[in-house]
Amino acid sequence: MTLTDLLQNWRHILHKLEYQDTLRVVPYLLASLVAAGTSLLYSQAFFFGEEVALHVVENFHWALSLLVTLSMIYLSWYLPYRFAKQAGGSGIPQMLIANELDPASDKALIRSLIGIRTITMKIISSIACVLGGGAVGQEGPTLQIASGLFYRIGEKSTKWIQQLSMRPFILAGGASGLAAAFNTPLGGIAYALEELSKDYFNNFKTYVIWSVIATGLLVQTVQGSYLYIGFPSLESISWETYMWVVVTSAITGILGATFGSVLFSVHKKEKAFSPSRA
């Protein structure tokens with residue numbers, strides 16, 4: 001039997017199974033494995049960059065330290081500006097926009113938001129910023145990176161498996177990225193339910209949940225169970241402490257509500273003056 005015959009037989013088997021859920025979930029699990037591995041490597045590179053930046057500050061002359069900081073911060077800005085503009089920013093807006101676009105007609109725009117070039121520049125530029133001592137988090141970039149990996153693997157999978165939609169891959173990637181970044185599989189599922197897919201989640205919830213759980217558990221298996229913000233050390237609490245907690249909660253609640261109200265008012269006025277409503 002020749003290689004061509006083997007490929008034809010393999011495609012025939014896939015064609016027979018392409019409508020079964022057990023086959024359609026395979027690319028999601030594969031993407032979960034890739035996303036989890038990439039997230040782990042990215043996280044380790046991120047922590048290493050922080051250690052290097054701290055070492056430079058503590059052990060080198062302030063002039064050399066300042067030169068390194070300015071050079072790496074400039075590099076972290078220049079790389080996205082020159083090679084992939086959508087690699088700038090936190091990464092979450094790009095992922096949300098890509099999730100709202102039509103994969104059939106907006107393929108070029110989606111690739112500019114979460115394509116391989118974009119996520120590669122995102123990784124390099126964010127680590128460069130960390131090496132310079134810049135204030136940057138890995139959570140937003142992880143969501144963009146994971147959604148880009150899911151999208152790319154989904155594109156490749158459609159050549160072998162029919163009835164696959166690309167939008168669920170972007171959704172699953174964003175939720176899986178959150179699960180990996182914060183070490184919380186259930187948080188990824190909640191994020192997918194509440195933020196990324198409000199109307200059409202039931203159509204592909206099985207694949208998204210499988211993807212999020214797989215990515216979260218893989219990362220948690222390697223890094224262990226931990227609290228993202230650390231383990232608090234609580235001592236005896238007096239009634240005065242409770243009083244201040246209540247007062248602080250009330251003040252922050254009022255300020256938060258006021259801030260939200262102001263943003264909503266600005267948004268309404270912006271829509272009122274929009275050219276489309278003129």
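A residue is taken here as buried when its relative accessible area is under 20%, and by this criterion Ile110, Leu113 and Ile114 of helix α6 are buried in the predicted model. These three residues cover an arc of only 70° around the helix axis, which means that they lie on the same side of α6. The buried residues of α6 pack against four helices, namely α5, α7 (residues 116-131), α8 and α9.

The protein chain that surrounds this helix contains twelve helices and zero strands, so that, read from the N terminus, every element in the order of the chain is written as α, according to the run-based assignment of helices and strands. Of its 278 residues, 36% count as buried, and the accessible surface of the chain comes to about 17000 Å², with 66% of that area belonging to carbon and sulfur atoms. Among the contacts in the chain with a separation of 6 or more, 76% are accounted for by residues 24 or more positions apart.

Two of the buried residues of α6, Ile110 and Ile114, reappear in the largest nonpolar core, which has 16 residues and in which Ala98, Ile110, Ile114, Phe150, Tyr151 and Ile170 are those with the most contacts. Two or more residues are given to this core by each of the helices α3 (residues 26-59), α6 (residues 107-114), α8 and α9 (residues 167-182), and the largest share, four residues, comes from α8. When neighbours within four places in sequence are left aside, Phe150 is in contact with Tyr28, Ala31, Ser32 and Ala35, with Phe169, Ala172, Gly173 and Ser176, and also with Ser211 and Thr215. Another core, of seven residues, lies apart from the one that holds Phe150, and includes Tyr42, Phe46, Val130 and Leu149.

Helix α8, which spans residues 139-157, also packs with helix α5, which spans residues 92-100, at an angle of about 35° and with the two axes 8 Å apart. On the α5 side this contact involves Ile92, Gln94 and Met95, which meet Gly140, Leu143, Gln144 and Ser147 on the α8 side. By class, the residues of the contact comprise three nonpolar and four polar ones, with no charged residue. Helix α5 is, in addition, one of the elements against which the buried residues of α6 pack.

Definitions and conventions:
Residues numbered from 1 in each chain as written. Predicted model: local features only at pLDDT ≥ 70, side-chain atom pairs only at ≥ 80, totals over all residues. Heavy atoms only, no water. Axes fitted to C-alpha atoms, helices over the stretch in contact; angles between N-to-C directions. Contact = heavy atoms within 4.5 Å. Nonpolar A, V, L, I, M, F, W, Y, C, P; charged D, E, K, R; others polar. Buried < 20%, exposed > 50% of the residue type's maximum accessible area, 1.4 Å probe, protein only. Areas by Shrake-Rupley, 256 points an atom, 1.4 Å probe, with all protein chains shown as cover. Core = buried A, V, L, I, M, F, W, Y, C linked by side-chain atoms within 4.5 Å. Arc of directions from axis to C-beta.
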